[in-house]
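Subject: Structure handover and what turned up in it

Hi,

Here is the structure I promised to pass on to you. Have a look at it first, and then read on for my notes.

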Amino acid sequence: MPSSSTAILSNSTVFPDRKSAVKKLKLSVSDLPMLSCHYIQKGVLLTSPPSSFSDLIFSLKRSLSAALSHFPALAGRLTTDHDGAIYLVCNDAGVNFIEAKAKHLSLDSLLSPLDVPICFRAFFAFDRTLSYLGHNKPLAAVQVTELADGVFIGCTVNHSVADGTSFWHFFNTFAEINLGKGKISRSPDFSRDTAFNSPAVLKFPPGGPTETFAGNSRLRERIFHFSREAILRLKFRANGVSFPWKRMDNGNCDAVENFGKQSNDGWKIVNGKQNGNVSDGKLEISSFQSLSAQLWRSVTRARKLNPTKTTTFRMAVNCRHRLQPPMPSLYFGNAIQSIPTVALVGELLSKDLGWCGALLHRNVAAHNDARVRRGIADWEKEPRLFPLGNSDGASMTMGSSPRFPMYNNDFGWGKPVAVRSGGANKFDGKISAFPGREGNGSVDLEVVLAPETMAGLEIDPEFMQYVSATV
């Protein structure tokens with residue numbers, strides 16, 4: 001395992017290159033619960049740039065300054081008024097920019113170990129910092145770490161200011177500007193006339209909230225890679241349909257390309273029967289729901305829980321398109337809700353994958369405009385923090401999304417080699433989904449588990465048959 005020694009060379013403040021036209025934004029029903037969550041920490045591992053490291057630092061600072069002028073919320077600070085309402089003041093106070101060095105680490109030394117090396121945590125600012133502390137700390141930071149044969153660009157953003165959709169919108173724009181494009185392709189929307197806007201107040205004790213989970217547990221962290229073919233095999237199995245192709249000698253799937261062109265989720269299943277017209281509709285249980293169902297079953301089995309115990313699988317869902325009328329797709333802020341799906345351990349393990357996948361599917365499909373609004377109304381009656389953690393030892397939480405454009409972060413010399421996260425918001429049962437680097441429907445799952453549970457998962461044949469040997 002590579003050493004975690006990373007030297008900080010400088011820490012400066014980068015300001016927007018224009019004054020903000022946005023003055024003050026009230027935190028919404030979706031923003032406020034995130035104040036007890038750590039700052040989001042996601043970053044990209046890149047090969048060495050063609051320029052010198054000092055030239056790269058100069059270019060990135062200039063690009064970050066330009067990006068902040070489009071995202072003034074990130075250069076502001078939080079403030080609480082006399083009634084307890086919390087606002088984001090866009091005062092152009094700036095963000096942290098950190099230059100670091102870890103030249104004893106190579107790309108191979110970071111990517112070859114089975115478990116994710118702990119040294120990635122040193123590539124981010126504000127380690128384990130609660131978002132409430134954005135009252136007196138910057139709301140974002142960028143750390144650029146020079147490696148032996150590459151560079152890691154780590155982005156840290158206050159979670160009460162942005163969800164994953166908004167985080168990657170900013171990070172992509174930062175890269176896009178550094179790439180040399182004169183005009184950004186997508187401008188954020190800071191409107192606050194949405195269903196999530198509310199007069200409800202979440203009260204905090206002096207000094208703010210504490211973590212909702214124990215942060216000192218022993219944990220293992222691994223990236224499991226699933227090819228497009230493996231995902232499709234899971235999906236067909238969950239929907240009770242035979243996988244329609246034989247493997248070819250070169251390791252590719254016959255007709256996969258045609259299938260992908262016709263429909264990303266191509267075969268319609270009605271009452272368990274296959275409809276041969278690919279364009280007719282979609283599989284009832286999606287690819288991601290099938291993968292989530294398999295992981296839920298296998299982790300629950302590895303935990304060796306009592307069959308009468310209840311297990312919970314939480315998924316954070318983007319509500320922008322679920323509301324009617326829809327919110328702007330480029331709305332900047334949090335627009336997420338947590339969907340818990342519960343089952344008895346014994347039932348989850350005795351039923352097949354399709355039963356588990358159908359549970360997840362029904363819950364996600366039912367989360368429509370009425371459900372979103374009901375969730376908002378319930379929260380307004382009883383304001384509360386986001387329930388991160390695994391207090392009963394039987395829960396899992398899925399975050400992030402393979403739909404996020406993580407590999408679009410080309411800063412000028414090619415797309416990332418890998419995407420990795422810091423130590424933020426990690427506990428036994430926390431899962432983050434990333435797109436696979438090759439795209440085309442592949443998925444990487446960042447899985448955080450107690451060591452004994454991870455050991456059980458690694459020998460679970462039902463799960464491991466779908467995992468690629470290398471990421």
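To start with a question: does Arg297 count as buried or exposed? With a relative accessibility of 6%, Arg297 counts as buried. Before I go further, please keep in mind that this is a predicted model.

**Salt bridges**

Arg297 is a good way into the charged pairs, of which the structure has 14 that qualify as salt bridges. Its partner is Glu462, and the closest N and O atoms of the two are 3.1 Å apart. This pair connects distant parts of the chain, since Glu462 belongs to helix H11 and Arg297 to helix H6 (residues 287-302), with their positions 165 residues apart.

Glu462 has a second salt bridge, to Arg237, at 2.4 Å from N to O. Glu462 sits in helix H11 (residues 461-464) and Arg237 in helix H4 (residues 228-238), so this bridge ties together parts that are 225 residues apart in sequence. The two ends of that bridge have their own accessibility classes: Glu462 is buried, at a relative accessible area of 14%, whereas Arg237 is partly exposed at 30%. Both bridges belong to a network of salt bridges that links Arg237, Arg297, Arg301, Asp460 and Glu462.

Another pair to look at is Glu458 with Arg222, whose side chains form a salt bridge of 3.0 Å, N to O. Here too, distant parts of the chain are linked: Glu458 is in helix H10 (residues 451-458) and Arg222 in strand S9 (residues 220-226), 236 residues apart. Which of these two is buried, and which is partly exposed? Arg222 is the buried one, with a relative accessible area of 10%, while Glu458 reaches 21% and counts as partly exposed. The limit for buried is under 20%, so Glu458 falls outside that class at 21%.

**Aromatic rings**

There are 19 aromatic pairs in the structure. One of them is Phe124 with Phe152: the ring centres are 5.5 Å apart and the planes meet at 80 degrees, so the pair is edge-to-face. Phe124 comes from the loop between helix H2 (107-111) and strand S7 (140-147), and Phe152 from strand S8 (residues 150-157), 28 residues apart. Phe124 and Phe152 are both buried.

Tyr132 and Phe204 make a tilted pair, with 5.0 Å from centre to centre and 50 degrees between the planes. Tyr132 lies in the loop between H2 and S7, and Phe204 in the loop between H3 and S9, which puts them 72 residues apart. Tyr132 and Phe204 are buried as well.

Beyond pairs, one aromatic cluster is made up of Phe71, Phe167, Trp168, Phe170, Phe171, Phe174, Phe190, Phe332 and Phe411. There is also a charge placed over a ring: the charged end of Lys24 sits over Tyr87, 4.3 Å from the ring centre.

**Asn409 and strand S15**

Where is Asn409? Asn409 is found in the loop between strand S14 (395-400) and S15. Its relative accessible area is 0%, so Asn409 is buried. Its side chain makes a polar contact with the side chain of Asn172, at 2.3 Å. Setting aside neighbours within four places in sequence, the residues in contact with Asn409 include Val44, Leu46, Trp168 and Phe171. Trp168 and Phe171 are also members of the aromatic cluster.

Strand S15 (residues 418-421) is covered on both faces: Ala418 and Arg420 are buried on one side, and Val419 and Ser421 are buried on the other. S15 runs antiparallel to strand S3 (residues 40-47), and four bridges join the two. In one of the pairings between these strands, Leu45 has Ala418 of S15 as its bridge partner.

**Thr194**

Last on my list is Thr194, located in the loop between helix H3 (164-179) and S9. Thr194 is buried, with a relative accessible area of 15%. Which residues does Thr194 touch, not counting those up to four places away in sequence? They are Met327 and Tyr331. In addition, the C-alpha atoms of Thr194 and Arg320 are separated by 9.7 Å, although the two residues are 126 apart along the chain.

Happy to talk any of this through.

Best wishes

Notes
Residues are numbered from 1 along each chain as its sequence is written. This is a predicted model: local features need pLDDT of at least 70, side-chain atom pairs count only at pLDDT 80 or more; totals for chains, interfaces and linings use all residues. Side-chain values use heavy atoms; hydrogens and water are left out. A salt bridge is a side-chain nitrogen of Lys or Arg within 4 Å of a carboxyl oxygen of Asp or Glu. Buried means under 20% relative accessible area, exposed over 50%, partly exposed in between (1.4 Å probe, protein chains only). Two strands pair if DSSP finds at least two bridges between them. Contact means heavy atoms within 4.5 Å. Rings of Phe, Tyr and Trp (its six-membered ring) pair if their centres lie within 6.5 Å; planes under 30 degrees apart count as stacked, over 60 as edge-to-face and the rest as tilted. A charge sits over a ring if NZ of Lys or CZ of Arg is within 6 Å of the ring centre and within 35 degrees of the ring normal. A polar contact is a pair of N or O atoms within 3.5 Å; within protein, one must be able to donate a hydrogen and the other to accept it, and residues adjacent in sequence count only if both atoms are side-chain atoms.
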